[in-house]
Amino acid sequence: MSEDPQKIRLRGAVIGAGYFSQFHYDAWQRMDDVEMVACCDMDLDKANTIAEQHGIPAVHQDYRQMLDEHPVDFVDVITRPDTHLPLCDEISSRGHAIICQKPLAPSVQEANELVDLMQQRGVRFMVHENFRFQPWYREMKRLMEAGVIGDRLHSISFRNRAGDGHGDDAYLARQPYFQTMPKFLIFEAGIHTIDTFRYLGGEISQTWCWHRKLNPVIAGEDTAIGVFKFEDGAMGLYDANRFNESTSKNPRYTFGEVLLEGNEGSIRLYDDGRLTIQPLGEKERDHDYSPSQHGFAGDCVFATQRHFIDCLRSGQPFETDGQSYLKSLAVQEAMYASSQSGNWETPQ
């Protein structure tokens, strides 16, 4: 009798052992149907440390050697954007499925090239765009689809004050390369909000944006206001600032506050993960659900990687596949274009 394919453990390998990789390794370790067989980083000490922490049996400094020595079903890429194209080129040439961190590439041209290459090779490819998998957004989407605030979305607004970008030492302790990125806030963090807005409100047809730099020690912008027109008629507001601080006990839990308004009421997300519902003509009331406190931002990394594995097994499309990411990227670039032109811009 053949073994149930759903019970066969998928074998994976990871390239990268930097700051954010800890959340990836932790999530893989908690999946009974996944076996992480090897990890790799140019800094062998970092790779050895993370392998010891998460029970990875093999450690490598050369990713080609790792892939030569270990048969795998998929590879998790957790490296800087400028490494993604050559890494994914090599991995896809071997026929392995890939889940790749964002930003996908340092330029739009390279991101398009990467996605085209994955399609030509016919490999399963997913972008690790994890914000839409945060539990509050999944619950807000469920409530919207259940008609809790009506059948027509009026607006989505998002307000963020990260407070991690002031002073000469901004970002140096966690992700020092943030200081040198020529495009920063929208490129690195705003793309999350764009994808989340698309998840909640549908495709974006036009955008207006103004951005600037508050901290002189960084290269790119660290604050922005963006306005969006959705194809279905709703409006969106993006108000983000990495310099000034919020009053939240943990600014990196929800990363901000959100208001959804429909033709029959509103849903609010607070910075502690609390959701409330306010039907028209009634008082605001708490909505009972239980977002996780584990890992990163409601354990969204686990949810993202669980989606990847489930879709690998079922053959269903990934929510955040390459083409979806390119749609978000087009909105991102329209925001930058608008900040230069002062006009409304259409994503291309």
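Rings of Phe, Tyr and Trp, the last through its six-membered ring, form a pair if their centres lie within 6.5 Å. By this rule the count comes to 19 aromatic pairs in this predicted model. The close-ups below show some of these pairs, then two helix crossings, then two residues of one helix.

**View 1. Tyr19 and Phe23 form an edge-to-face aromatic pair.** The ring centres of Tyr19 and Phe23 are 6.1 Å apart. Their planes stand at 85°, and a plane angle over 60 degrees counts as edge-to-face. Tyr19 is partly exposed, with a relative accessible area of 28%. Phe23 has a relative accessibility of 16% and counts as buried.

**View 2. The rings of Trp28 and Phe74 make a tilted pair.** Here the centres lie 4.9 Å apart and the planes meet at 45°. Trp28 belongs to helix H1 (residues 21–29). Phe74 belongs to strand S4 (residues 74–77). The pair therefore ties together parts that are 46 residues apart in sequence. Trp28 and Phe74 are both buried.

**View 3. Ring pairs join six residues, Tyr19, Phe20, Phe23, Phe131, Phe255 and Phe296, into a cluster.** Tyr19 and Phe23 from View 1 are members of this cluster. Phe131, another member, also appears in View 7, where it is in contact with Thr196.

**View 4. Helices H6 and H7 cross at roughly 25°.** H6 spans residues 135–145 and H7 spans residues 185–201. Their axes come within 10 Å. An angle under 35 degrees counts as roughly parallel, so H6 and H7 are roughly parallel to each other. The crossing of H6 past H7 is right-handed. On the H6 side, Tyr137, Arg138, Met140, Lys141 and Met144 make the contact. On the H7 side, Thr196, Tyr199 and Leu200 do so. By class, the contact of H6 with H7 holds five nonpolar, one polar and two charged residues.

**View 5. Helices H5 and H9 cross at roughly 165°.** H5 covers residues 108–121 and H9 covers residues 322–341. The two axes come within 10 Å. An angle over 145 degrees counts as roughly antiparallel, so H5 is roughly antiparallel to H9. The crossing of H5 and H9 is left-handed. H5 brings Val108, Ala111, Asn112, Val115 and Gln119 to the contact. They meet Gly322, Gln323, Leu326, Leu329 and Glu333 of H9. The contact of H5 with H9 divides into five nonpolar residues, four polar and one charged.

**View 6. Phe187 sits in helix H7.** Its relative accessibility is 8%, so Phe187 counts as buried. Setting aside residues up to four places away in sequence, Phe187 touches Pro103, Ala105, Pro106, Met181, Glu221, Gln332 and Tyr336. Lys141 lies 46 residues from Phe187 along the chain. The C-alpha atoms of Phe187 and Lys141 are separated by 25 Å.

**View 7. Thr196, also shown in View 4, lies in helix H7.** Thr196 has a relative accessibility of 3% and counts as buried. Apart from neighbours within four places in sequence, Thr196 is in contact with Phe131, Arg132 and Tyr137. Tyr137 is one of the H6 residues that make the contact with H7.

Terms used:
Residues are numbered from 1 along each chain as its sequence is written. This is a predicted model: local features need pLDDT of at least 70, side-chain atom pairs count only at pLDDT 80 or more; totals for chains, interfaces and linings use all residues. Side-chain values use heavy atoms; hydrogens and water are left out. Axes are lines fitted to C-alpha atoms, for helices over the stretch in contact, and angles run from 0 to 180 degrees between N-to-C directions. Helices (H or I, at least four residues) and strands (E, at least two) are DSSP runs, numbered from the N terminus. Angles under 35 degrees count as roughly parallel, over 145 as roughly antiparallel, 65 to 115 as roughly perpendicular and the rest as oblique. A crossing is left-handed if the near helix is turned anticlockwise from the far one by less than a right angle, and right-handed if clockwise. Contact means heavy atoms within 4.5 Å. Ala, Val, Leu, Ile, Met, Phe, Trp, Tyr, Cys and Pro count as nonpolar, Asp, Glu, Lys and Arg as charged, and the others, Gly among them, as polar. Rings of Phe, Tyr and Trp (its six-membered ring) pair if their centres lie within 6.5 Å; planes under 30 degrees apart count as stacked, over 60 as edge-to-face and the rest as tilted. Buried means under 20% relative accessible area, exposed over 50%, partly exposed in between (1.4 Å probe, protein chains only).
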